[in-house]
Amino acid sequence: MAVKTPKPTELAQIEHSPSFTGWMDVPVQFREGVYCHAGKPKNLEAVGLPNPREWAVPDEDWALPSDWMEIVRQGFKDRLDRYRSFHVFMDICVRCGACADKCHFFIGSGDPKNMPVLRAELIRSIYRGEFTTAGRILGKLAGGRKLTVDVLKEWWYYLFQCTECRRCSVFCPYGIDTAEVTIIGRELLNLIGLNTDWISAPVANCYRTGNHLGIQPHAFKDMIDFFVDEIEGVTGVRVSPTFNRKGAELLFVTPSGDVFADPGTYTCMGYLMLFHALDLDYTWSTYASEGGNFGLFTSHEMMKRLNAKMYLEAKRLGVKWILGGECGHMWRVINQYMDTMNGPADFLEVPVSPLTGTKFHQAASTKVVHIAEFTADLIKNGKLALDPSRNDDLVVTWHDSCNTARGMGFFEEPRYVLKNVVNHFYEMPENTIREQTFCCGSGSGLNAGENMEIRMRGGFPRANAAKYVHEKHGVNMMSCICAIDRAVLTASMQYWVPEVGVCGLHELVANALIMPGEKERTLNLRGEPLPGVEEEEDV
């Protein structure tokens, strides 16, 4: 039976008083509603991850391999040797606490081990105890401890409560990126078969079928065809996407969440309408039908394997460059890792907009352009006919997605597009947006159903900022450019601020877009009357 999620009034009671007991003396206690289910063996086997077996988190025996301790120690040593930043982060933290109250999970739960400094200390203490002379000799006195099963369980519990959003790194005076520590910690756990099924299943699905949901190519096409019918009903225009077409100028890749889950589906319809209005020469791939990359939450090697599909399809189809949809971790992987993991993509061209002639120099290396910058360039060059009054029933705020904003510096392009397609826009408080944006609360593979309490706790700071602009300005819609955010924030807003909905940027673009040959528009993409139309019908 699923555990009952406490009511918002109960979760809002947060105890932040420090414990009188040392953190090393507080054992981890698994509580339902706070952890995700264990990875299933079939999913680990699908991608060759080690130690596939049936196990459950509350079990005392996690069926670890007999030599698990040596595997983790050797993996730790290998990564200390390979990643200079990881080694530096193990040594330079002075535990000043500047990051302590910046994590949404600590703010929402009050659990000290969710402070970034202490979450990283779970790893650092083993580094000291196992790899430094002082730690081996002095133990706790030098901040060191030994690797045990209890430590592993503690790692698993807290590393899969970190969304790797990197907000803590903005405030660290030494530039420590605790998300990198979490990433390495998860890699070490994966060496002995410890993962969550909400991560390992999407990884296996993507490897087998090309997308997280395991949708077969024909079903993927069927869903796009359904959108074509929906668009025709709203606009009178029948759009004509193509699939796996060799020789197209562009390959379009977007997260599968845009294709199979609301409200991302409305964003997907927005892409289709925009491309049709532009007569863009593009194609979808039903084999690389996923922009998101859950490999990022598993290991560097897995991230590389899944990311390669985009380049391989681009090469097979002979396109000039790749246009990417609204996604978070897709863009972090592309921006930070793609070129060195799977590049350089010398078979592709430096992206040039076929509509404006703009050369996207920032994509000269990866050959992948984000649709927000693509659309911003179209608007700036007067290539789109827009009627923002069609969105006048909405008072909109903007959620900076961690991976596109903090990870890529993507602050102005989406705001420029937004301000051209809506008339009512208000920012959330300054210390909750742009580089300091709060995480949605369930990124990095935490968007499961069984851990709803910790999701709502993690989403509390973002929701609190949304509630502020709702009460001050009447905001009733939060827009963003991340498929995970759209899924996560929908649940979070319904829980904390049910008066605020969630949408993607290109849903709003499509509502405002005046398409050549369209009929008189009376409905938005959700089938709701456009502002003013309902009143006219009543008369």
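This report describes the sheets, cores and aromatic contacts of a predicted model.

## The four-stranded sheet

Four strands make up an open sheet with parallel pairing, in the order 2-1-3-4. Its edges are strand 2 (282–284) and strand 4 (368–370); each has a single partner strand, so one side of each is left without a neighbour in the sheet. On average, and with direction ignored, neighbouring strands of this sheet are turned by 30° against each other.

Strand 1 (residues 250–253) and strand 3 (residues 321–324) run parallel and are joined by four bridges. One of the residue pairs involved is V253 with its bridge partner G324 in strand 3.

Two helices lie across strands of this sheet. Helix 15 (residues 300–317) lies across strand 1, strand 2 and strand 3, and runs at about 150° to strand 1. Helix 17 (residues 371–380) lies across strand 1, strand 3 and strand 4, and its direction is at about 70° to strand 4.

L251 gives a residue-level view of this region. L251 belongs to strand 1. Is L251 buried or exposed? With a relative accessible area of 0%, L251 falls under the 20% limit and is therefore buried. Leaving aside neighbours within four places in sequence, the contacts of L251 include T283 and W284, which fall within the range of strand 2 (282–284). Other contacts of L251 are M310, E313, A314 and L317, within the range of helix 15 (residues 300–317). L251 also touches W321, I322 and L323, within the range of strand 3 (residues 321–324). The C-alpha atoms of L251 and K320 are separated by 8.1 Å, although the two residues are 69 residues apart along the chain.

## Strands 5 to 7 and helix 22

Strand 6 pairs with two strands. Strand 5 and strand 6 pair in the parallel sense over three bridges, and strand 6 is joined to strand 7 by four bridges, again running parallel. M477 takes part on both sides: M477 is the bridge partner of V396, and G501 in strand 7 is the bridge partner of M477.

In a regular strand, side chains alternate between the two faces of the sheet. In strand 6, M477 and S479 are on one side and M478 and C480 on the other; these residues are all buried, and both faces of the strand are covered.

Helix 22 (residues 505–512) is mostly covered, with eight of its eight residues buried. Among them are H506, E507 and N511, along with L505, L508 and V509. The elements covering the buried residues of helix 22 include helix 14 (264–278), helix 17, helix 19 (412–421), strand 5 (396–398), strand 6 (477–480) and strand 7 (501–504).

## Nonpolar cores

In soluble globular proteins, nonpolar side chains tend to be buried together. The largest nonpolar core here has 89 residues, and F76, W155, W156 and M493 have the most contacts inside it. A second, separate core of 56 residues includes I215, M273, L418 and L508.

## Aromatic pairs and charges over rings

The structure holds 25 aromatic pairs. One of them is the pair of W156 and F160, which is tilted, with 5.5 Å centre to centre and 55° between the planes. W156 counts as buried because its relative accessibility is 1%, and F160 counts as buried at 5%.

W156 and F160 belong to one aromatic cluster, together with F30, Y35, W55, W62, Y157 and Y158. Leaving aside neighbours within four places in sequence, W156 is in contact with F30, Y35, W55 and W62 from this cluster. Further contacts of W156 are C36, V57, L189, L194, N195 and T196.

Two positively charged side chains are placed over aromatic rings, as listed below.

| Charged residue | Ring | Distance to ring centre |
|---|---|---|
| R305 | Y207 | 4.7 Å |
| K315 | F347 | 5.3 Å |

## A buried aspartate in a loop

D177 lies in the loop between helix 9 (167–171) and helix 10 (178–190). What is the relative accessible area of D177? The value is 7%, so D177 is buried. Not counting residues up to four places away in sequence, D177 touches F89, R166 and S169.

Conventions. Residues are numbered from 1 along each chain as its sequence is written. This is a predicted model: local features need pLDDT of at least 70, side-chain atom pairs count only at pLDDT 80 or more; totals for chains, interfaces and linings use all residues. Side-chain values use heavy atoms; hydrogens and water are left out. Rings of Phe, Tyr and Trp (its six-membered ring) pair if their centres lie within 6.5 Å; planes under 30 degrees apart count as stacked, over 60 as edge-to-face and the rest as tilted. Buried means under 20% relative accessible area, exposed over 50%, partly exposed in between (1.4 Å probe, protein chains only). A charge sits over a ring if NZ of Lys or CZ of Arg is within 6 Å of the ring centre and within 35 degrees of the ring normal. Two strands pair if DSSP finds at least two bridges between them. Axes are lines fitted to C-alpha atoms, for helices over the stretch in contact, and angles run from 0 to 180 degrees between N-to-C directions. Contact means heavy atoms within 4.5 Å. A nonpolar core is a set of buried Ala, Val, Leu, Ile, Met, Phe, Trp, Tyr and Cys residues joined through side-chain atoms within 4.5 Å.
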